Amino acid sequence: MSDVNKTIQKWHASFRKGTDFDSWGQLVEAIDEYQILARQLQKEVQSTNPSDFTEDQKKTLGKFATCLEMRSSALQCTQSQEEFKLEDLKKLEIIIKSILTYNKDFPFDVQPVPLRRILAPGEEENLEVEEEEDAATGAGSPESFPNRVPGTLLPRLPSEPRMSLLTIKIDKIGLKDAGQCIDPYMTVSVKDLSGIDLNPVQDTPVATRKEDTYIHFSVDIEIQRHIERLPKGAAIFFEFKHYKPKKGFTSTKCFAFMEMDEIKPGPIVIELYKKPTDFKRKKLQLLTKKPLYLHLHQTLHKD
């Protein structure tokens, strides 16, 4: 079997797994499957490498990803009136199963979701040099706020009329060597497009539970600005850090981020990227090809 057919088979299996969870009422698991598959399809659509898919097929995959996101959103919002139903999603199975030969119009009037630039694992990019240049020019992550005490999280801001506050629960992170990480914690920051801090940076307490390939945090982060006051292009960054005894210092192992269009109530899984942290989001290298992610849960508070 060719590599492209293996990929399609894997996508189809993931789709069936998600719809099975959905039909069984296991909504959290269904949302995870839908979001992971949507991101895999988006990466294929966005790839600049020689592809087995035509431009029209890539557009179809992009629209398929949009439908997965729509179903995921419908599961997270019980009061949605124009929700994307499971039976609608199931109509798309023939497309993902036979994408190489499918030549009909897409059954729903949707557009591909916006994409971010993602580099494949192993693609040569000199991020280290870029980060050093940023540091020399004062870009990146300046100390715009007072020094923080590790493990001290900030309380929720007071509510304001017609304004929304966001609580992000860091559930767990998947890493192939999770059990070997010493004193792991997460640094959470909110940056603008230039990588400048918009809020005080917060560190979680050290995670206390490790299980197989997961490190569990189960900790709430209160974002220190009303969502409506965050500038266009802002992103929330999560840097995973751990202690290296041989080197005698704490190191960033990987990072993840969430953009403004991803802020919505409910669970979300996001990819992990290789260090150094690229706050400007110009060149991103995935940490691994394995299905390991940062698992979060968002709660919006509106007065």
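**Figure 1. Confidence differs between the elements of this predicted model.** Among the elements of the chain, helix α6 (residues 127-137) has the lowest mean pLDDT, 36, and strand β1 the highest, 96. The chain as a whole averages a pLDDT of 82. A score of at least 70 is reached by 84% of the residues. Over residues 116-150, pLDDT stays under 50. The model has 69 contacts beyond four places in sequence for that stretch. Where pLDDT is low, the predicted coordinates should not be read in detail.

**Figure 2. The whole chain has six helices and 10 strands.** The chain counts 303 residues, and buried residues make up 48% of them. Of the contacts with a separation of 6 or more, 72% are between residues 24 or more positions apart.

**Figure 3. Helix α1 covers residues 3-24.** The helix has 22 residues and reaches 32 Å from its first C-alpha to its last. That is close to the 32 Å expected at 1.5 Å a residue. Buried residues in α1 include Val4, Ile8, Trp11, Phe15 and Phe21. His12, Ser14, Thr19 and Asp22 of α1 are also buried. Gly25 follows the helix and has a positive phi, near 85°.

**Figure 4. Helix α2 covers residues 27-46 and is mostly covered itself.** Of its 20 residues, 14 are buried. From first C-alpha to last, α2 reaches 28 Å, close to the 28 Å expected at 1.5 Å a residue.

**Figure 5. The largest nonpolar core holds 32 residues.** Ile170, Ile173, Ile236, Phe238 and Leu294 touch the most other members. Strands β1 (164-174), β2 (182-191), β5 (214-222), β6 (235-244), β7 (249-259), β8 (266-270) and β10 (294-302) each supply at least two residues of this core. Apart from it lies another core, of 30 residues, among them Phe15, Leu41, Leu75 and Phe108. In soluble globular proteins, nonpolar side chains tend to be buried together.

**Figure 6. Close-up of Leu294 and its neighbors.** Leu294 touches Ile170, Lys172, Ile173, Met186 and Phe238, among others. Its contacts also include Ala256, Ile268, Val269, Ile270 and Leu272. Residues up to four places away in sequence are not counted here.

**Figure 7. His226 is found in the loop between β5 and β6.** Is His226 buried or exposed? His226 is buried, because its relative accessible area is 4%, under the 20% cut-off. A polar atom of its side chain lies 3.4 Å from the backbone oxygen of Pro158. His226 also touches Leu157, Ser159, Glu160, Met163, Ser164 and Leu165. As before, residues up to four places away in sequence are left out.

**Figure 8. Asp197 sits in the loop between β2 and β3 (202-203).** Asp197 is buried, with a relative accessible area of 9%. Its side chain makes a polar contact of 2.6 Å with the side chain of Lys191.

**Figure 9. Cysteines: a search of the whole structure finds zero disulfides.** A disulfide is a covalent bond between the sulfur atoms of two cysteines. Why is Cys254 not bonded to Cys181? The sulfur of Cys254 is 8.3 Å from the closest cysteine sulfur, in Cys181, so the pair is too far apart for a bond. Cys254 counts as buried, at 1% relative accessibility. Cys67 is buried too, at 0%.

Key: Residues numbered from 1 in each chain as written. Predicted model: local features only at pLDDT ≥ 70, side-chain atom pairs only at ≥ 80, totals over all residues. Heavy atoms only, no water. Helix = DSSP H or I, 4+ residues; strand = E, 2+ residues; numbered from the N terminus. Buried < 20%, exposed > 50% of the residue type's maximum accessible area, 1.4 Å probe, protein only. Polar contact = N/O pair within 3.5 Å; in protein donor to acceptor, adjacent residues only side chain to side chain. Contact = heavy atoms within 4.5 Å. Disulfide = S-S within 2.5 Å. Core = buried A, V, L, I, M, F, W, Y, C linked by side-chain atoms within 4.5 Å. Expected span 1.5 Å × (residues − 1). pLDDT = per-residue confidence, 0-100.
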